Amino acid sequence: MDTRGGTMPHRTELYHDIPPTCWPIVYSPDYNITFMGLEKLHPFDAGKWGKVINFLKEAKLIADDLIVRAREATEEDLLVGHTRSYLNRLKWSFVVATITEIPPVLFLPNFLVQRKVLRPLRTQTGGTIMAGKLAIERGWAINIGGGFHHCSSDKGGGFCAYADISLALKFLFERMEGVSKATIIDLDAHQGNGHERDFMDDRRVYIMDVYNRYIYPGDGFAKRAIRRKVELDWGTEDAEYLQKVKTHMEGALNEVKSDIIVYNAGTDILDGDPLGGLAISPQGIIDRDEIVFRAARKHRIPILMVTSGGYQKRTARIIADSLLNLHSQGLIEKETAFGEAGGAKVETMHGK
């Protein structure tokens, strides 16, 4: 078992037991960024997470008392995957303004930046860590937020202030018996350079990344960590995209037998996204998510999904429709997806 420096893992609130009556869907109203209209200065629907939940409620899939309420990651939780010097840099408003790409944040006192910008991101990060444990226990879990794949242990960027994917995996390796190998399937339109830098030399983590080769971040160093790299051209459409996802998803899961899949399900591949530069239809996104969940089910590997990038007002509706489709296909159910979560023996070290 990986325990940092030979010490026992720190005490955390993120690995508490969840009642079996709850769906392994993680969310908190605190995810949403509302701040005097400043959030409108980023091409990001900063309330999309709450809208997804509302659509799922309208469809009678979930109710408030049947989902898992995310908890904010504490500094001690964050130190599992971040340097203290990086976390200290977030106490400077200009650093957060640069990372979030919302320039007026520069002029705000940091206590407001912490409360209005970073706390929602820390809560989403806590949600991803919580969903990791749930995925092992239930066979699948979805964090309605998270997917901050441009952040690494000591550097943020591209709206990503905390490395939630890396943190979720480090928590699993440290605390969950039987989890020693992971596969990251990153299907956001952008290269996931944060987790790539974090796991550059870590053979426990296999990374497949499918992205527009011409857009941010273009991180050549981080690309060395990608075991299955699929670079797309401007304007890639459904047929080519879905064929590549299906082929490479199968190839990735055949290449390495992992104990967990982290699926970064960015919807910025949608046609018309101002940053993604691809041309995938709403139905294409729904089909993509189904391909990934079907492959995970076929290989009997627990899957953790995070929603990541997606910069249009219609994105929330598409995410909700995709989750409703996964449910109608029997790929997400309240019961455990397969007995004993793919054979991984689940033993948590509670309250350590």
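Which residue follows H10, and what is the sign of its phi? The residue is Arg-300, and its phi is positive, near 55°. Welcome to this structure, which is a predicted model. The points below start with helix H10 and then visit the nonpolar core, a buried aspartate, the salt bridges and a loop residue.

**Helix H10**

- Helix H10 covers residues 282-299, and Arg-300 comes right after it.
- The length of H10 fits expectation: at 1.5 Å a residue, its 18 residues should span 26 Å, and the C-alpha atoms at its ends are indeed 26 Å apart.
- Many residues of H10 are listed as buried, among them Gly-284, Ile-285, Ile-286, Arg-288, Ile-291, Val-292, Phe-293 and His-299.
- The cover over these buried residues includes strands E3 (140-143), E7 and E8 (303-306), together with helices H9 (238-255) and H11 (315-328).

**The nonpolar core**

- In soluble globular proteins, nonpolar side chains tend to be buried together.
- Here the largest nonpolar core has 114 residues, and Ile-144, Leu-169 and Phe-293 have the most contacts inside it.
- Helix H5 (residues 110-138) gives the most to this core, supplying eleven residues.
- Phe-293 links this topic to the previous one, as this core residue is also one of the buried residues of H10.
- Leaving out residues up to four places away in sequence, Leu-169 touches Ala-182, Ile-184, Phe-199, Val-205, Ile-260 and Val-262.

**Asp-268, a buried charge**

- Asp-268 sits in the loop that runs between strand E7 (260-264) and helix H10.
- What is the nearest side chain of opposite charge to Asp-268? That side chain is Arg-288, 6.2 Å away, and Asp-268 is buried without a salt bridge.
- Arg-288 itself is among the buried residues of H10.
- The side chain of Asp-268 does reach the backbone nitrogen of Ala-189, at 2.8 Å.
- Beyond its neighbours within four places in sequence, Asp-268 is in contact with several residues, including Asp-188, Ala-189, His-190, Gly-309, Gly-310 and Tyr-311.

**Salt bridges**

- Side chains of opposite charge can pair when their charged atoms come close.
- How many salt bridges does the model have? The count comes to 18.
- Lys-133 and Asp-17 form one of them, with their closest N and O atoms 3.5 Å apart.
- Because Lys-133 lies in helix H5 and Asp-17 in the segment before strand E1 (25-27), this pair ties together parts that are 116 residues apart in sequence.
- Is Lys-133 buried or exposed? With a relative accessibility of 2%, Lys-133 counts as buried.
- Asp-64 and Lys-57 also meet through their side chains, at 2.8 Å from N to O.
- In that pair, Asp-64 is exposed, with a relative accessible area of 55%, while Lys-57 counts as partly exposed at 28%.
- Another salt bridge joins the side chains of Arg-175 and Glu-174, at 3.9 Å from N to O, and both of these residues are buried.
- Salt bridges also link Arg-213, Lys-223, Glu-231 and Asp-233 in a network.

**Ile-226, a loop residue**

- Ile-226 is found in the loop between helix H8 (220-223) and strand E6 (228-232).
- Although it lies in a loop, Ile-226 is buried, with a relative accessible area of 10%.
- Not counting residues up to four places away in sequence, Ile-226 touches Glu-196, Ile-207, Asp-209 and Tyr-211.
- Ile-226 and Gly-192 are 34 residues apart along the chain, and their C-alpha atoms are separated by 9.3 Å.

Technical notes
Residues are numbered from 1 along each chain as its sequence is written. This is a predicted model: local features need pLDDT of at least 70, side-chain atom pairs count only at pLDDT 80 or more; totals for chains, interfaces and linings use all residues. Side-chain values use heavy atoms; hydrogens and water are left out. Helices (H or I, at least four residues) and strands (E, at least two) are DSSP runs, numbered from the N terminus. Buried means under 20% relative accessible area, exposed over 50%, partly exposed in between (1.4 Å probe, protein chains only). Lys and Arg count as positive and Asp and Glu as negative; His and the chain ends are not counted. A salt bridge is a side-chain nitrogen of Lys or Arg within 4 Å of a carboxyl oxygen of Asp or Glu. A polar contact is a pair of N or O atoms within 3.5 Å; within protein, one must be able to donate a hydrogen and the other to accept it, and residues adjacent in sequence count only if both atoms are side-chain atoms. Contact means heavy atoms within 4.5 Å. The expected span of a helix is 1.5 Å times one less than its number of residues. A nonpolar core is a set of buried Ala, Val, Leu, Ile, Met, Phe, Trp, Tyr and Cys residues joined through side-chain atoms within 4.5 Å.
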